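Got the viewer open? Here is a short tour, one selection at a time.

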Amino acid sequence: MAQNSILLDKSLLFAARIVNLNKYLTKEKKETVISKQIIRSATSIGANANEAIYGQSKSDFIAKIQISLKETAETEYWLRLLILSDYITDKEGNSLLDDCLEIKRILISTLKTAKEQK
C-alpha cells in the first residue's frame with residue numbers, strides 16, 4: 001500500500017502543477033483547446049488511482065489503474081505538443097514531463113504487481 005500512497009501523493013501534486021499550467025496557458029497565452037485537454041487527462045490520473053484504492057475487487061483495481069496509465073500517456077502527448085508548439089519552454093515542459101514519466105513508471109509497476117497477485 002506504500003506504493004499507492006506515493007502514487008496518490010505524486011499524482012495529486014502533478015495535477016496541481018497542471019492546474020497552474022492551465023491558468024498560465026489560458027491567461028498568458030490565450031490558449032484554450034490544449035489546456036482543456038491536458039487538464040482533463042492530468043487530473044484524471046490521480047482521480048482514477050484514488051478510485052482504484054477503493055475498488056470493489058482486484059479486477060476493478062486493475063481496470064482503474066489501467067485508465068490512469070492511459071490518461072498518463074495522453075498527458076505526456078499534450079505536454080510534448082505544448083513544448084513543440086512553443087507554448088511552454090523546454091525547461092518548464094521537461095520538468096512536467098519528468099513528473100509525468102515518473103508517475104507512468106509507478107503505474108506500470110503497480111499494474112504489473114497487481115496482475116501477478118491476481
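What follows is a walk through a predicted model, stop by stop.

**Stop one: the helix pair.** Select residues 58–84, which make up helix α3, and then residues 90–117 for helix α4. Bring both axes into view: they come within 9 Å of each other and cross at roughly 160°. Anything over 145° counts as roughly antiparallel, so that is how α3 runs relative to α4. Now check the hand of the crossing: α3 passes α4 in a left-handed one. Colour the contact between α3 and α4 by residue type, and you should get 15 nonpolar residues, eight polar and six charged.

**Stop two: the rings.** How many aromatic pairs does the structure hold? Just one. Show the side chains of Tyr77 and Trp78 to see that pair. Their arrangement is edge-to-face, with 75° between the planes and 5.0 Å from centre to centre. Stay on Trp78 for a moment: is this residue buried or exposed? Its relative accessibility is 15%, and the cut-off for buried is under 20%, so Trp78 counts as buried.

**Stop three: a lysine over a ring.** Next, pick Lys58 and Phe61. Lys58 lies over the face of Phe61, at 5.8 Å from the ring centre.

**Last stop: Lys112.** Go back to α4 and select Lys112, which has its place in that helix. With a relative accessible area of 53%, Lys112 is exposed, since the threshold for that label is over 50%. To finish, draw a distance from the C-alpha of Lys112 to the C-alpha of Glu31: the two atoms are separated by 37 Å, and the residues are 81 apart along the chain.

Definitions and conventions:
Residues are numbered from 1 along each chain as its sequence is written. This is a predicted model: local features need pLDDT of at least 70, side-chain atom pairs count only at pLDDT 80 or more; totals for chains, interfaces and linings use all residues. Side-chain values use heavy atoms; hydrogens and water are left out. Helices (H or I, at least four residues) and strands (E, at least two) are DSSP runs, numbered from the N terminus. Buried means under 20% relative accessible area, exposed over 50%, partly exposed in between (1.4 Å probe, protein chains only). Axes are lines fitted to C-alpha atoms, for helices over the stretch in contact, and angles run from 0 to 180 degrees between N-to-C directions. Angles under 35 degrees count as roughly parallel, over 145 as roughly antiparallel, 65 to 115 as roughly perpendicular and the rest as oblique. A crossing is left-handed if the near helix is turned anticlockwise from the far one by less than a right angle, and right-handed if clockwise. Ala, Val, Leu, Ile, Met, Phe, Trp, Tyr, Cys and Pro count as nonpolar, Asp, Glu, Lys and Arg as charged, and the others, Gly among them, as polar. Rings of Phe, Tyr and Trp (its six-membered ring) pair if their centres lie within 6.5 Å; planes under 30 degrees apart count as stacked, over 60 as edge-to-face and the rest as tilted. A charge sits over a ring if NZ of Lys or CZ of Arg is within 6 Å of the ring centre and within 35 degrees of the ring normal.
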